[in-house]
Amino acid sequence: MQSGLKTILRTLCDEHGYKRALLTIFDPETNTLKLSVTVGSQRYAEVSYQPGQGVTGEVMNSGKPVIVPVQKDHPSFLNLAFGRTKEEMAHLGFICVPVRYADPGEAAEILGTLSVDVPAADPSELETDCMFLQVVASLVARQVATLQEELAMQRHLMAQGLPPVQAGTEGYAHPNIVAASKPMRMVLQQVSQVGPSRATVLLRGESGTGKELLAEALHSVSPRKTKPLIKLNCAALPAELVESELFGHTKGAFTGAVANKKGLFELADGGTLFLDEIGELSLEAQAKVLRAIQEREIQRIGSEQTIRVDARLITATNRPLEKMLEEGTLREDLFYRINVFPIFIPPLRERRLDILPLSEHFMQRYAEEYGKNVKRISTPAIDLLQQYHWPGNVRELANCMERAVLICDEEVIRTYHLPPSLQTAESSATDTSLSFGEAVSRFEQELLVDALKKARGNMLQAARDLKASYRIINYKVKKYRLDPKKFAVGRSRKR
(Lines give C-alpha, C1' and ligand atoms only; values in the text may rest on other atoms or scores of the structure.)
Protein backbone atom coordinates (compact mmCIF):
# COMPACT_ATOMS: atom_id res chain seq x y z
CA MET A 1 0.00 0.00 0.00
CA GLN A 2 2.82 2.41 0.88
CA SER A 3 4.66 1.64 -2.36
CA GLY A 4 1.54 2.46 -4.39
CA LEU A 5 1.07 5.78 -2.61
CA LYS A 6 4.75 6.56 -3.01
CA THR A 7 4.42 6.01 -6.77
CA ILE A 8 1.54 8.50 -6.86
CA LEU A 9 3.57 11.10 -4.96
CA ARG A 10 6.56 10.57 -7.22
CA THR A 11 4.35 11.08 -10.28
CA LEU A 12 3.03 14.32 -8.74
CA CYS A 13 6.56 15.62 -8.35
CA ASP A 14 7.72 14.53 -11.80
CA GLU A 15 4.68 15.75 -13.73
CA HIS A 16 3.91 18.98 -11.87
CA GLY A 17 7.32 20.26 -10.84
CA TYR A 18 6.88 19.78 -7.07
CA LYS A 19 10.18 19.44 -5.22
CA ARG A 20 8.77 17.23 -2.48
CA ALA A 21 5.51 15.51 -1.58
CA LEU A 22 4.52 14.09 1.77
CA LEU A 23 1.58 12.25 3.26
CA THR A 24 0.85 12.28 6.98
CA ILE A 25 -1.63 9.87 8.55
CA PHE A 26 -3.48 10.45 11.81
CA ASP A 27 -2.86 7.91 14.58
CA PRO A 28 -5.94 7.87 16.89
CA GLU A 29 -4.08 6.05 19.67
CA THR A 30 -1.33 8.66 20.04
CA ASN A 31 -3.43 11.58 18.74
CA THR A 32 -0.62 12.58 16.41
CA LEU A 33 -0.03 12.97 12.68
CA LYS A 34 2.83 10.76 11.54
CA LEU A 35 4.88 11.19 8.40
CA SER A 36 4.12 7.99 6.51
CA VAL A 37 4.90 8.38 2.80
CA THR A 38 7.36 10.89 1.31
CA VAL A 39 9.11 11.69 -1.94
CA GLY A 40 12.13 13.96 -1.76
CA SER A 41 15.15 14.29 0.52
CA GLN A 42 14.26 13.72 4.16
CA ARG A 43 16.47 14.36 7.17
CA TYR A 44 14.32 12.95 9.92
CA ALA A 45 12.71 9.53 9.58
CA GLU A 46 10.50 9.81 12.67
CA VAL A 47 8.43 12.98 12.45
CA SER A 48 5.02 13.57 14.01
CA TYR A 49 2.73 16.55 14.51
CA GLN A 50 0.24 17.30 17.22
CA PRO A 51 -3.17 18.48 15.90
CA GLY A 52 -2.81 22.25 15.54
CA GLN A 53 0.99 22.12 15.42
CA GLY A 54 2.43 23.88 12.39
CA VAL A 55 0.69 24.13 9.03
CA THR A 56 0.12 20.36 8.86
CA GLY A 57 -1.51 20.22 12.30
CA GLU A 58 -3.59 23.29 11.45
CA VAL A 59 -5.00 21.59 8.33
CA MET A 60 -5.78 18.45 10.35
CA ASN A 61 -7.64 20.51 12.96
CA SER A 62 -9.58 22.77 10.63
CA GLY A 63 -10.14 20.44 7.70
CA LYS A 64 -9.29 23.34 5.37
CA PRO A 65 -6.35 23.59 2.95
CA VAL A 66 -3.54 26.05 3.61
CA ILE A 67 -1.41 27.79 0.97
CA VAL A 68 2.01 29.13 2.02
CA PRO A 69 3.37 31.44 -0.74
CA VAL A 70 6.90 31.54 0.74
CA GLN A 71 7.97 29.12 3.46
CA LYS A 72 10.40 31.40 5.30
CA ASP A 73 7.76 34.14 5.67
CA HIS A 74 5.07 31.97 7.24
CA PRO A 75 5.12 31.97 11.09
CA SER A 76 3.47 28.50 11.39
CA PHE A 77 5.80 26.76 8.98
CA LEU A 78 8.04 24.58 11.18
CA ASN A 79 10.21 22.69 8.65
CA LEU A 80 10.13 19.50 10.76
CA ALA A 81 9.98 16.85 8.06
CA PHE A 82 12.81 17.88 5.75
CA GLY A 83 16.18 19.47 6.23
CA ARG A 84 15.34 22.50 4.10
CA THR A 85 18.04 25.18 4.03
CA LYS A 86 17.19 28.85 4.54
CA GLU A 87 17.92 29.43 0.87
CA GLU A 88 15.44 26.72 -0.12
CA MET A 89 12.75 28.11 2.16
CA ALA A 90 13.18 31.52 0.52
CA HIS A 91 12.39 30.05 -2.90
CA LEU A 92 9.75 27.44 -2.00
CA GLY A 93 6.07 27.64 -1.16
CA PHE A 94 3.98 24.94 0.55
CA ILE A 95 0.47 23.60 -0.03
CA CYS A 96 -1.25 21.29 2.46
CA VAL A 97 -4.73 19.77 1.99
CA PRO A 98 -6.77 17.39 4.19
CA VAL A 99 -7.40 13.76 3.21
CA ARG A 100 -11.00 12.78 3.93
CA TYR A 101 -12.65 9.36 3.62
CA ALA A 102 -15.99 7.78 4.49
CA ASP A 103 -17.21 4.21 4.19
CA PRO A 104 -20.65 3.94 2.55
CA GLY A 105 -23.30 5.24 4.95
CA GLU A 106 -20.77 6.80 7.33
CA ALA A 107 -19.73 10.41 7.94
CA ALA A 108 -16.44 11.50 6.39
CA GLU A 109 -13.43 11.78 8.68
CA ILE A 110 -10.04 13.42 8.20
CA LEU A 111 -7.39 10.71 7.98
CA GLY A 112 -4.37 12.93 7.44
CA THR A 113 -2.87 15.49 5.07
CA LEU A 114 -1.27 15.66 1.63
CA SER A 115 1.42 18.33 1.16
CA VAL A 116 3.86 19.49 -1.51
CA ASP A 117 6.80 21.86 -1.78
CA VAL A 118 6.22 24.17 -4.77
CA PRO A 119 8.14 27.10 -6.29
CA ALA A 120 7.30 30.26 -4.34
CA ALA A 121 4.48 32.30 -5.92
CA ASP A 122 1.48 34.51 -5.15
CA PRO A 123 -1.46 32.73 -3.46
CA SER A 124 -3.62 33.30 -6.55
CA GLU A 125 -1.11 31.41 -8.69
CA LEU A 126 -0.99 28.51 -6.22
CA GLU A 127 -4.79 28.24 -5.95
CA THR A 128 -5.00 25.99 -9.03
CA ASP A 129 -2.40 23.63 -7.56
CA CYS A 130 -4.34 23.57 -4.30
CA MET A 131 -7.59 22.58 -6.03
CA PHE A 132 -5.75 19.89 -7.97
CA LEU A 133 -4.22 18.48 -4.77
CA GLN A 134 -7.67 18.31 -3.16
CA VAL A 135 -8.82 16.13 -6.07
CA VAL A 136 -5.76 13.92 -5.67
CA ALA A 137 -6.41 13.66 -1.91
CA SER A 138 -9.96 12.44 -2.57
CA LEU A 139 -8.68 9.85 -5.06
CA VAL A 140 -6.11 8.37 -2.65
CA ALA A 141 -8.36 8.58 0.43
CA ARG A 142 -9.39 4.91 0.30
CA GLN A 143 -5.75 3.79 0.07
CA VAL A 144 -4.90 6.08 2.99
CA ALA A 145 -7.76 4.56 5.03
CA THR A 146 -6.38 1.09 4.34
CA LEU A 147 -2.87 2.17 5.25
CA GLN A 148 -4.17 3.69 8.50
CA GLU A 149 -5.72 0.30 9.35
CA GLU A 150 -2.53 -1.52 8.40
CA LEU A 151 -0.41 0.73 10.63
CA ALA A 152 -2.81 0.17 13.54
CA MET A 153 -2.63 -3.58 12.90
CA GLN A 154 1.18 -3.51 12.86
CA ARG A 155 1.21 -1.78 16.24
CA HIS A 156 -1.31 -4.25 17.67
CA LEU A 157 0.63 -7.28 16.43
CA MET A 158 3.94 -6.00 17.75
CA ALA A 159 2.32 -5.33 21.13
CA GLN A 160 1.28 -8.99 21.15
CA GLY A 161 4.79 -10.13 20.26
CA LEU A 162 3.69 -11.33 16.82
CA PRO A 163 5.37 -10.68 13.46
CA PRO A 164 4.22 -7.56 11.60
CA VAL A 165 2.16 -7.72 8.42
CA GLN A 166 4.32 -8.24 5.36
CA ALA A 167 3.86 -5.90 2.41
CA GLY A 168 1.06 -7.06 0.20
CA THR A 169 -0.49 -9.33 2.81
CA GLU A 170 -4.25 -9.69 2.42
CA GLY A 171 -6.72 -10.82 5.04
CA TYR A 172 -7.52 -14.50 5.26
CA ALA A 173 -10.22 -15.67 2.85
CA HIS A 174 -12.66 -18.41 3.93
CA PRO A 175 -15.45 -19.79 1.72
CA ASN A 176 -18.03 -19.45 4.49
CA ILE A 177 -16.91 -16.12 5.94
CA VAL A 178 -18.30 -12.96 4.36
CA ALA A 179 -16.30 -9.82 5.09
CA ALA A 180 -17.42 -6.83 3.04
CA SER A 181 -17.36 -4.41 5.99
CA LYS A 182 -14.24 -2.76 7.38
CA PRO A 183 -14.61 -4.31 10.89
CA MET A 184 -14.76 -7.85 9.49
CA ARG A 185 -11.87 -7.23 7.11
CA MET A 186 -9.86 -6.25 10.19
CA VAL A 187 -10.91 -9.47 11.94
CA LEU A 188 -9.76 -11.59 8.99
CA GLN A 189 -6.49 -9.68 8.87
CA GLN A 190 -5.94 -10.66 12.50
CA VAL A 191 -6.76 -14.29 11.68
CA SER A 192 -4.18 -14.31 8.89
CA GLN A 193 -1.50 -13.01 11.28
CA VAL A 194 -2.06 -15.00 14.46
CA GLY A 195 -3.22 -18.21 12.74
CA PRO A 196 0.25 -19.53 11.81
CA SER A 197 1.55 -19.08 15.38
CA ARG A 198 0.83 -21.26 18.41
CA ALA A 199 -0.42 -18.26 20.41
CA THR A 200 -3.59 -18.75 22.45
CA VAL A 201 -6.48 -16.81 20.91
CA LEU A 202 -9.56 -15.49 22.72
CA LEU A 203 -12.56 -14.86 20.46
CA ARG A 204 -14.98 -12.35 21.98
CA GLY A 205 -18.37 -11.33 20.68
CA GLU A 206 -22.10 -11.75 21.06
CA SER A 207 -23.79 -15.09 20.55
CA GLY A 208 -24.21 -15.94 16.88
CA THR A 209 -21.40 -13.76 15.51
CA GLY A 210 -19.44 -16.74 14.12
CA LYS A 211 -16.82 -17.52 16.77
CA GLU A 212 -16.73 -21.23 15.93
CA LEU A 213 -16.28 -20.45 12.23
CA LEU A 214 -13.34 -18.18 13.06
CA ALA A 215 -11.82 -20.92 15.22
CA GLU A 216 -11.96 -23.20 12.17
CA ALA A 217 -10.32 -20.46 10.11
CA LEU A 218 -7.51 -20.06 12.65
CA HIS A 219 -6.89 -23.81 12.62
CA SER A 220 -6.92 -23.99 8.81
CA VAL A 221 -4.09 -21.44 8.44
CA SER A 222 -1.92 -22.96 11.17
CA PRO A 223 0.85 -25.57 10.74
CA ARG A 224 -1.51 -27.89 12.66
CA LYS A 225 -4.18 -27.93 9.97
CA THR A 226 -3.57 -31.60 9.14
CA LYS A 227 -4.11 -32.52 12.79
CA PRO A 228 -7.48 -32.62 14.61
CA LEU A 229 -9.57 -29.60 15.54
CA ILE A 230 -11.45 -30.65 18.66
CA LYS A 231 -14.37 -28.53 19.89
CA LEU A 232 -16.22 -28.32 23.19
CA ASN A 233 -19.03 -26.02 24.25
CA CYS A 234 -18.37 -25.70 27.98
CA ALA A 235 -21.97 -24.58 28.59
CA ALA A 236 -23.45 -27.68 26.94
CA LEU A 237 -22.34 -30.14 29.64
CA PRO A 238 -23.06 -30.31 33.38
CA ALA A 239 -20.16 -29.01 35.47
CA GLU A 240 -19.41 -32.47 36.86
CA LEU A 241 -18.88 -33.90 33.36
CA VAL A 242 -16.74 -31.13 31.88
CA GLU A 243 -13.52 -32.26 33.60
CA SER A 244 -14.01 -35.85 32.45
CA GLU A 245 -14.62 -34.59 28.91
CA LEU A 246 -11.52 -32.37 28.92
CA PHE A 247 -9.01 -34.58 30.73
CA GLY A 248 -10.44 -38.10 30.41
CA HIS A 249 -10.80 -40.70 33.16
CA THR A 250 -9.63 -44.17 34.16
CA LYS A 251 -11.79 -47.23 34.55
CA GLY A 252 -13.58 -47.17 37.91
CA ALA A 253 -12.74 -43.49 38.61
CA PHE A 254 -16.42 -42.87 39.33
CA THR A 255 -19.79 -44.56 38.89
CA GLY A 256 -20.31 -45.24 35.22
CA ALA A 257 -16.61 -45.13 34.29
CA VAL A 258 -16.53 -48.62 32.80
CA ALA A 259 -13.40 -48.08 30.69
CA ASN A 260 -10.44 -45.77 30.26
CA LYS A 261 -11.31 -42.69 28.24
CA LYS A 262 -9.10 -40.11 26.57
CA GLY A 263 -9.94 -36.45 27.20
CA LEU A 264 -10.20 -33.75 24.57
CA PHE A 265 -6.74 -32.40 25.39
CA GLU A 266 -5.31 -35.80 24.43
CA LEU A 267 -7.46 -36.07 21.32
CA ALA A 268 -6.28 -32.62 20.23
CA ASP A 269 -2.60 -33.50 20.71
CA GLY A 270 -0.65 -31.91 17.85
CA GLY A 271 -3.77 -30.04 16.75
CA THR A 272 -6.12 -27.40 18.11
CA LEU A 273 -8.59 -27.42 21.00
CA PHE A 274 -11.47 -24.95 20.79
CA LEU A 275 -13.26 -24.24 24.06
CA ASP A 276 -16.44 -22.26 23.46
CA GLU A 277 -18.07 -20.43 26.38
CA ILE A 278 -14.87 -20.69 28.45
CA GLY A 279 -16.50 -18.51 31.11
CA GLU A 280 -18.82 -21.38 32.06
CA LEU A 281 -16.02 -23.53 33.52
CA SER A 282 -16.00 -24.10 37.27
CA LEU A 283 -13.08 -22.70 39.28
CA GLU A 284 -11.72 -26.24 39.76
CA ALA A 285 -11.84 -26.94 36.03
CA GLN A 286 -10.24 -23.56 35.37
CA ALA A 287 -7.27 -24.52 37.56
CA LYS A 288 -6.75 -27.74 35.61
CA VAL A 289 -7.05 -25.98 32.24
CA LEU A 290 -4.47 -23.45 33.44
CA ARG A 291 -2.08 -26.25 34.33
CA ALA A 292 -2.62 -27.89 30.94
CA ILE A 293 -1.75 -24.60 29.22
CA GLN A 294 1.28 -23.84 31.40
CA GLU A 295 2.80 -27.29 31.85
CA ARG A 296 1.43 -28.92 28.69
CA GLU A 297 0.45 -31.94 30.71
CA ILE A 298 -2.76 -33.35 32.16
CA GLN A 299 -3.98 -36.07 34.51
CA ARG A 300 -6.98 -38.23 33.81
CA ILE A 301 -9.56 -38.34 36.57
CA GLY A 302 -8.69 -41.26 38.85
CA SER A 303 -5.04 -41.38 37.76
CA GLU A 304 -1.86 -39.91 39.20
CA GLN A 305 0.05 -40.36 35.96
CA THR A 306 0.77 -37.19 33.96
CA ILE A 307 0.33 -37.18 30.19
CA ARG A 308 2.17 -34.75 27.93
CA VAL A 309 -0.07 -32.91 25.48
CA ASP A 310 0.63 -30.38 22.77
CA ALA A 311 -2.63 -28.68 21.83
CA ARG A 312 -2.99 -25.10 20.59
CA LEU A 313 -5.84 -23.51 22.57
CA ILE A 314 -8.53 -21.24 21.12
CA THR A 315 -11.22 -20.03 23.49
CA ALA A 316 -14.41 -18.03 23.00
CA THR A 317 -16.96 -16.27 25.14
CA ASN A 318 -19.82 -13.82 25.00
CA ARG A 319 -19.58 -13.08 28.71
CA PRO A 320 -17.95 -9.98 30.31
CA LEU A 321 -14.75 -11.62 31.57
CA GLU A 322 -13.54 -8.44 33.31
CA LYS A 323 -16.69 -8.42 35.44
CA MET A 324 -16.21 -12.13 36.21
CA LEU A 325 -12.72 -11.30 37.47
CA GLU A 326 -14.18 -8.73 39.86
CA GLU A 327 -16.81 -11.22 41.05
CA GLY A 328 -14.21 -13.97 41.58
CA THR A 329 -15.86 -16.42 39.19
CA LEU A 330 -12.88 -16.36 36.79
CA ARG A 331 -9.29 -16.99 37.81
CA GLU A 332 -7.08 -14.01 37.07
CA ASP A 333 -4.11 -16.18 36.06
CA LEU A 334 -6.28 -18.11 33.58
CA PHE A 335 -7.65 -14.89 32.11
CA TYR A 336 -4.15 -13.63 31.32
CA ARG A 337 -3.21 -17.00 29.84
CA ILE A 338 -6.14 -17.13 27.42
CA ASN A 339 -6.09 -13.40 26.64
CA VAL A 340 -2.79 -13.50 24.74
CA PHE A 341 -4.39 -12.44 21.45
CA PRO A 342 -8.02 -11.31 21.77
CA ILE A 343 -10.11 -10.90 18.62
CA PHE A 344 -13.32 -8.92 18.99
CA ILE A 345 -16.04 -9.93 16.50
CA PRO A 346 -18.53 -7.09 15.95
CA PRO A 347 -22.27 -7.79 16.05
CA LEU A 348 -24.10 -7.81 12.72
CA ARG A 349 -25.88 -4.52 13.46
CA GLU A 350 -22.45 -2.82 13.52
CA ARG A 351 -21.40 -4.20 10.13
CA ARG A 352 -24.45 -3.65 7.97
CA LEU A 353 -22.41 -3.84 4.76
CA ASP A 354 -22.22 -7.60 5.43
CA ILE A 355 -25.99 -8.14 5.64
CA LEU A 356 -26.75 -8.26 1.90
CA PRO A 357 -23.79 -10.45 0.85
CA LEU A 358 -24.44 -12.75 3.83
CA SER A 359 -28.12 -13.02 2.89
CA GLU A 360 -27.23 -13.97 -0.68
CA HIS A 361 -24.60 -16.42 0.57
CA PHE A 362 -27.16 -18.23 2.74
CA MET A 363 -29.81 -18.05 0.01
CA GLN A 364 -27.51 -19.81 -2.44
CA ARG A 365 -26.41 -22.39 0.13
CA TYR A 366 -29.93 -23.39 1.12
CA ALA A 367 -31.24 -23.24 -2.45
CA GLU A 368 -28.62 -25.84 -3.39
CA GLU A 369 -29.23 -27.91 -0.24
CA TYR A 370 -32.99 -28.09 -0.72
CA GLY A 371 -32.96 -28.16 -4.53
CA LYS A 372 -34.90 -24.89 -4.84
CA ASN A 373 -34.70 -22.57 -7.85
CA VAL A 374 -34.36 -19.40 -5.75
CA LYS A 375 -32.12 -16.87 -7.50
CA ARG A 376 -32.42 -13.48 -5.84
CA ILE A 377 -33.88 -11.31 -3.08
CA SER A 378 -36.36 -8.57 -3.95
CA THR A 379 -35.50 -4.96 -3.15
CA PRO A 380 -38.29 -4.58 -0.51
CA ALA A 381 -37.07 -7.79 1.16
CA ILE A 382 -33.52 -6.42 1.14
CA ASP A 383 -34.84 -3.29 2.86
CA LEU A 384 -36.33 -5.37 5.67
CA LEU A 385 -33.13 -7.36 6.07
CA GLN A 386 -31.08 -4.17 6.23
CA GLN A 387 -33.39 -2.42 8.71
CA TYR A 388 -33.64 -5.25 11.24
CA HIS A 389 -31.29 -5.10 14.25
CA TRP A 390 -30.41 -8.87 14.31
CA PRO A 391 -30.13 -9.63 18.02
CA GLY A 392 -29.19 -13.22 17.09
CA ASN A 393 -26.54 -11.94 14.67
CA VAL A 394 -25.34 -14.12 11.75
CA ARG A 395 -26.93 -17.27 13.17
CA GLU A 396 -30.34 -15.58 13.17
CA LEU A 397 -29.81 -14.33 9.60
CA ALA A 398 -28.88 -17.85 8.45
CA ASN A 399 -32.06 -19.27 10.05
CA CYS A 400 -34.11 -16.48 8.48
CA MET A 401 -32.80 -17.22 4.98
CA GLU A 402 -33.22 -20.98 5.42
CA ARG A 403 -36.87 -20.46 6.30
CA ALA A 404 -37.33 -18.04 3.39
CA VAL A 405 -35.85 -20.49 0.89
CA LEU A 406 -37.97 -23.35 2.23
CA ILE A 407 -41.30 -21.53 1.85
CA CYS A 408 -40.40 -19.65 -1.36
CA ASP A 409 -42.23 -21.10 -4.37
CA GLU A 410 -40.73 -18.78 -7.00
CA GLU A 411 -37.32 -17.50 -8.08
CA VAL A 412 -37.40 -14.41 -5.86
CA ILE A 413 -37.54 -14.11 -2.07
CA ARG A 414 -40.26 -11.57 -1.21
CA THR A 415 -41.02 -9.74 2.03
CA TYR A 416 -43.78 -12.24 2.91
CA HIS A 417 -41.22 -15.06 2.86
CA LEU A 418 -39.35 -13.42 5.75
CA PRO A 419 -40.23 -14.04 9.43
CA PRO A 420 -42.92 -11.81 11.03
CA SER A 421 -40.30 -10.21 13.28
CA LEU A 422 -38.85 -8.47 10.21
CA GLN A 423 -42.13 -7.21 8.80
CA THR A 424 -42.27 -3.89 10.66
CA ALA A 425 -39.64 -1.58 12.03
CA GLU A 426 -41.63 -1.27 15.27
CA SER A 427 -41.54 -5.00 15.95
CA SER A 428 -37.80 -5.14 15.33
CA ALA A 429 -37.12 -2.06 17.46
CA THR A 430 -35.04 -0.67 14.62
CA ASP A 431 -34.41 2.93 13.74
CA THR A 432 -35.26 3.13 10.04
CA SER A 433 -34.04 6.68 9.54
CA LEU A 434 -31.25 6.75 7.03
CA SER A 435 -28.91 9.55 6.12
CA PHE A 436 -29.00 10.76 2.54
CA GLY A 437 -25.66 9.06 1.87
CA GLU A 438 -26.85 5.75 3.33
CA ALA A 439 -30.05 5.81 1.29
CA VAL A 440 -28.19 6.62 -1.93
CA SER A 441 -25.56 3.91 -1.31
CA ARG A 442 -28.22 1.30 -0.57
CA PHE A 443 -30.29 2.17 -3.62
CA GLU A 444 -27.19 2.23 -5.82
CA GLN A 445 -26.08 -1.19 -4.57
CA GLU A 446 -29.54 -2.70 -5.13
CA LEU A 447 -29.69 -1.36 -8.69
CA LEU A 448 -26.26 -2.80 -9.40
CA VAL A 449 -27.09 -6.22 -7.97
CA ASP A 450 -30.36 -6.41 -9.93
CA ALA A 451 -28.57 -5.39 -13.15
CA LEU A 452 -25.83 -7.99 -12.64
CA LYS A 453 -28.40 -10.68 -11.98
CA LYS A 454 -30.30 -9.75 -15.10
CA ALA A 455 -27.07 -9.64 -17.14
CA ARG A 456 -25.89 -12.93 -15.60
CA GLY A 457 -22.70 -11.34 -14.33
CA ASN A 458 -21.80 -9.55 -17.57
CA MET A 459 -20.64 -6.12 -16.40
CA LEU A 460 -20.64 -4.67 -19.91
CA GLN A 461 -24.30 -5.65 -20.38
CA ALA A 462 -25.14 -4.36 -16.90
CA ALA A 463 -23.53 -1.03 -17.85
CA ARG A 464 -25.67 -0.87 -21.00
CA ASP A 465 -28.85 -1.70 -19.03
CA LEU A 466 -28.08 1.00 -16.46
CA LYS A 467 -27.02 3.47 -19.18
CA ALA A 468 -23.66 3.92 -17.48
CA SER A 469 -20.08 3.50 -18.62
CA TYR A 470 -18.25 0.22 -18.05
CA ARG A 471 -15.65 2.11 -16.01
CA ILE A 472 -18.30 3.37 -13.58
CA ILE A 473 -19.87 -0.08 -13.20
CA ASN A 474 -16.45 -1.64 -12.64
CA TYR A 475 -15.70 0.98 -9.98
CA LYS A 476 -19.04 0.41 -8.23
CA VAL A 477 -18.61 -3.37 -8.30
CA LYS A 478 -15.27 -2.98 -6.53
CA LYS A 479 -16.64 -0.34 -4.16
CA TYR A 480 -19.41 -2.65 -2.92
CA ARG A 481 -17.19 -5.75 -3.11
CA LEU A 482 -19.53 -7.60 -5.43
CA ASP A 483 -18.46 -10.68 -7.36
CA PRO A 484 -20.00 -10.66 -10.87
CA LYS A 485 -19.12 -14.36 -11.26
CA LYS A 486 -21.75 -15.19 -8.63
CA PHE A 487 -24.45 -14.07 -11.04
CA ALA A 488 -23.17 -16.02 -14.06
CA VAL A 489 -25.18 -19.00 -15.32
CA GLY A 490 -23.76 -22.49 -15.50
CA ARG A 491 -22.57 -22.77 -11.92
CA SER A 492 -22.60 -26.34 -10.74
CA ARG A 493 -25.32 -27.22 -8.27
CA LYS A 494 -24.84 -29.74 -5.50
CA ARG A 495 -27.51 -32.37 -5.30
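At what angle do α12 and helix α13 pack, and how far apart are their axes? Hold that thought for a moment, and let me say what we're looking at. This is a predicted model, where local features need pLDDT of at least 70, side-chain atom pairs count only at pLDDT 80 or more, and totals for chains, interfaces and linings use all residues. Numbering runs from 1 along each chain as its sequence is written, and side-chain values use heavy atoms, with hydrogens and water left out.

Okay, back to the helices. α12 and α13 (residues 379–387) pack at about 120°, and their axes are 10 Å apart. Axes here are lines fitted to C-alpha atoms, for helices over the stretch in contact, and angles run from 0 to 180 degrees between N-to-C directions. Helices (H or I, at least four residues) and strands (E, at least two) are DSSP runs, numbered from the N terminus. Who makes the contact, meaning heavy atoms within 4.5 Å? On α12 we have I355, L356 and S359, and on α13 there are I382, L385 and Q386. Sorted by class, that's four nonpolar, two polar and no charged residues. For the record, Ala, Val, Leu, Ile, Met, Phe, Trp, Tyr, Cys and Pro count as nonpolar, Asp, Glu, Lys and Arg as charged, and the others, Gly among them, as polar.

Staying with α12, which covers residues 355–370: at 1.5 Å a residue its 16 residues should span 22 Å, and the end C-alpha atoms are 22 Å apart, so that agrees. The expected span is 1.5 Å times one less than the number of residues. Plenty of α12 is buried, including I355, L356, S359, F362 and Y366. Buried means under 20% relative accessible area, with a 1.4 Å probe and protein chains only. Just after the helix, G371 takes a positive phi of about 65°.

Now the sheets. Two strands pair if DSSP finds at least two bridges between them. One open sheet has six strands in the order β3-β2-β1-β6-β5-β4, with antiparallel pairing. Its edge strands are β3 and β4 (66–68), each pairing on one side only.

Let's walk in from the β3 end. β3 (residues 48–49) runs antiparallel to β2, joined by two bridges. L33 is a nice one to click on: Y49 in β3 stands opposite L33, and F26 stands opposite L33 too. β2 (residues 32–39) is mostly covered, with six of its eight residues buried. Next along, β1 (residues 20–27) pairs with β2 over seven bridges, in the antiparallel sense. β1 also pairs antiparallel with β6 (residues 109–119), over six bridges, where A21 has V116 as its bridge partner. Lying across all of this is helix α2 (residues 54–62), which touches β1, β2, β3, β4, β5 (92–101) and β6 and runs at about 30° to β5.

The other sheet is a parallel one: five strands, open, in the order β8-β11-β14-β7-β15. β8 (229–233) and β15 (341–344) stand at the edges, each with a single partner strand, so one side of each has no neighbour in the sheet. Strand to strand, the twist averages 15°. Inside, β11 (residues 272–276) and β14 (residues 312–317) pair parallel over four bridges, and L275 has T315 in β14 as its bridge partner.

Two helices to finish. α5 (residues 182–194) lies across β7 (201–204), β14 and β15, at about 155° to β15. Then α6 (residues 211–220) packs on the sheet, touching β7, β8, β11 and β14, and its direction makes about 155° with that of β7.

Definitions and conventions
Buried < 20%, exposed > 50% of the residue type's maximum accessible area, 1.4 Å probe, protein only. Contact = heavy atoms within 4.5 Å.
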